[in-house]
Amino acid sequence: MQSNNSKTYELVLTALFVAIIVVMASTPLGFIPLVVINATTLHIPVIIGSLFLGPKKGGFLGGVFGLTSLIKSSLGAASLSAFVFSPVAALSMLPHDTVGAAVSLVLKSTFIAVVPRILIGVVPYFVYVGIKKAIGSDKKLVYGSVINAVISFILGFGVFAFFNRMIAQEVLGMSVTVARVIGIIVGIAAFAGIEYLFMNKDAKALGFITAGIAGAMTNTLLVMGSIYVFYKYPYAEAVGVDPDALMAMIGGVISFNGVIEAIVGAVIVYLVGIVLDKIKPAGVYAGKDAKIKAVSSGTKESQMAQ
């Protein structure tokens, strides 16, 4: 059974994350200005909550994030695309001749605002546990290096995309080739750094970084994908894009905004994760011990005692 101290810890941590999400959603703290993009950080407390409180409480935190998005879009100054996250705006901005059409609009906007955010609190937990199991297996070196290679590619590509956008907007004076070289160098450096942590210092780093990326990309992929499926034509009109070109535009958002936010999420989740992990290990919730074997001092001690 779960101890009273563990229950209290989880309750306090849940309340803290809820407060953080509400404050970040209500202030500029929910965004990090990066010259050519304001990277959202609202998903980060949800990801961390998922890792340390489990997928149920993580899903709850994601629901809070989604509701703040829905409420803000409904009560704030209406933008041309406010209907995407607000059923209120959808009913006032989009045609609906029947009750069925009105209900459909409400369900679509509520789904986009809430469901992808709930999954932000579910996916990272299972990604983290899955990676921990993988690198705790006999093929630790292979699995760890492959996962690290994927992460490093994302980091390198994100840096290239960031500099390329700055070049396109004439914020930075350099060639695309130089930006590409910088991206490659960053990718290689990231691979070496993460591999060093993984092999010699802290194998959990791989889990935290990957969970941060997975949570951020879950948000971007599901939100933008849902917009395309549910609101292709009205959204294309709202942003001034031909409907046939909307998929390319969404691909650009995913490959730039999504990757940059994934990098920011990975860094912050790792830094916060290694601190909280000293208080209570990630991957353990509601009295249920996650079957994580990698880099466990307890496991090492038991092996020595045998």
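The accessible surface of the chain amounts to about 15,100 Å², and carbon and sulfur atoms account for 69% of this area. The model is a predicted one, and the values reported below were computed from it. Of the 306 residues in the chain, 47% are buried. Among the contacts with a separation of 6 or more, those between residues 24 or more positions apart make up 72%. The chain contains 11 helices and two strands, and when these are read along the sequence they follow the pattern α-β-β-α-α-α-α-α-α-α-α-α-α.

Two pockets were examined. The largest pocket has a volume of about 980 Å³, and 30 residues line it, of which Phe-31, Ser-69, Phe-85, Arg-117 and Val-223 are the closest to its centre. Strand E2 (38–40), helix H3 (55–75), helix H9 (204–239) and helix H10 (246–279) are the elements that each give two or more residues to this lining. Helix H9 gives the most to the lining of the largest pocket, contributing seven residues. Classified by residue type, the lining of the largest pocket comprises 15 nonpolar, 12 polar and three charged residues.

The second largest pocket holds about 290 Å³ of space. It is lined by 17 residues, and Leu-155, Val-186, Ala-190, Ile-263 and Val-267 are those that lie nearest its centre. Helix H7 (140–168), helix H8 (176–201) and helix H10 are the elements that give two or more residues to the lining of this second largest pocket, with H10 giving the most, at six residues. The lining of the second largest pocket divides into 15 nonpolar and two polar residues, with no charged residue. Helix H10 is thus named among the contributing elements of the largest pocket as well as among those of the second largest pocket.

Aromatic side chains were considered next, and eight aromatic pairs were counted in the model. One of these pairs is formed by Phe-52 and Phe-208, which are stacked, with 6.1 Å from centre to centre and 20° between the planes. Because Phe-52 belongs to helix H2 (residues 43–53) and Phe-208 to helix H9, this pair ties together parts that are 156 residues apart in sequence. Both partners are withdrawn from the accessible surface in the sense used here: Phe-52 is buried, with a relative accessible area of 0%, and Phe-208 counts as buried at 1% relative accessibility. Together with Tyr-128, Phe-52 and Phe-208 form one aromatic cluster.

Further residues of helix H9 were examined individually. Thr-218 is found in helix H9 and is buried, with a relative accessible area of 11%. Apart from its neighbours within four places in sequence, Thr-218 is in contact with Pro-116, Leu-119, Ile-120 and Val-123. The C-alpha atom of Thr-218 is separated by 8.2 Å from that of Arg-117, a residue 101 positions away along the chain. Asn-219 is likewise located in helix H9, and it is buried, with a relative accessible area of 7%. When residues up to four places away in sequence are not counted, Asn-219 touches Phe-65, Arg-117 and Ile-120. Ile-120 is therefore one of the contacts listed for Thr-218 and is also among those of Asn-219, as the criterion for contact is heavy atoms within 4.5 Å. Arg-117, which Asn-219 touches, is one of the residues closest to the centre of the largest pocket.

Helix H5 (residues 99–120) contains Ser-109, a buried residue with a relative accessible area of 0%. With residues up to four places away in sequence left out, Ser-109 touches Phe-83, Val-84, Phe-85, Ser-86, Pro-87, Ala-90 and Tyr-231. Of these partners, Phe-85 is also one of the residues closest to the centre of the largest pocket.

In helix H7, Ile-167 was considered. At 17% relative accessibility Ile-167 counts as buried, because the cut-off for this class is under 20% relative accessible area. Beyond its neighbours within four places in sequence, Ile-167 is in contact with Leu-172, Met-174, Ser-175, Val-176 and Ala-179. For Ala-179, which is 12 residues from Ile-167 along the chain, the separation of the two C-alpha atoms is 8.7 Å.

Technical notes:
Residues are numbered from 1 along each chain as its sequence is written. This is a predicted model: local features need pLDDT of at least 70, side-chain atom pairs count only at pLDDT 80 or more; totals for chains, interfaces and linings use all residues. Side-chain values use heavy atoms; hydrogens and water are left out. On a 1 Å grid over the protein atoms alone, a cavity is a set of points where a 1.4 Å probe fits but cannot get out, and a pocket is an open set with protein on both sides within 12 Å along at least five of seven lines; lining residues have an atom within 4 Å of a point. Grid points are joined across faces, edges and corners, and a volume is the space filled by probe spheres set on the points. Helices (H or I, at least four residues) and strands (E, at least two) are DSSP runs, numbered from the N terminus. Ala, Val, Leu, Ile, Met, Phe, Trp, Tyr, Cys and Pro count as nonpolar, Asp, Glu, Lys and Arg as charged, and the others, Gly among them, as polar. Buried means under 20% relative accessible area, exposed over 50%, partly exposed in between (1.4 Å probe, protein chains only). Accessible areas come from the Shrake-Rupley method with a 1.4 Å probe; for residues, only the protein chains shown count as cover. Rings of Phe, Tyr and Trp (its six-membered ring) pair if their centres lie within 6.5 Å; planes under 30 degrees apart count as stacked, over 60 as edge-to-face and the rest as tilted.
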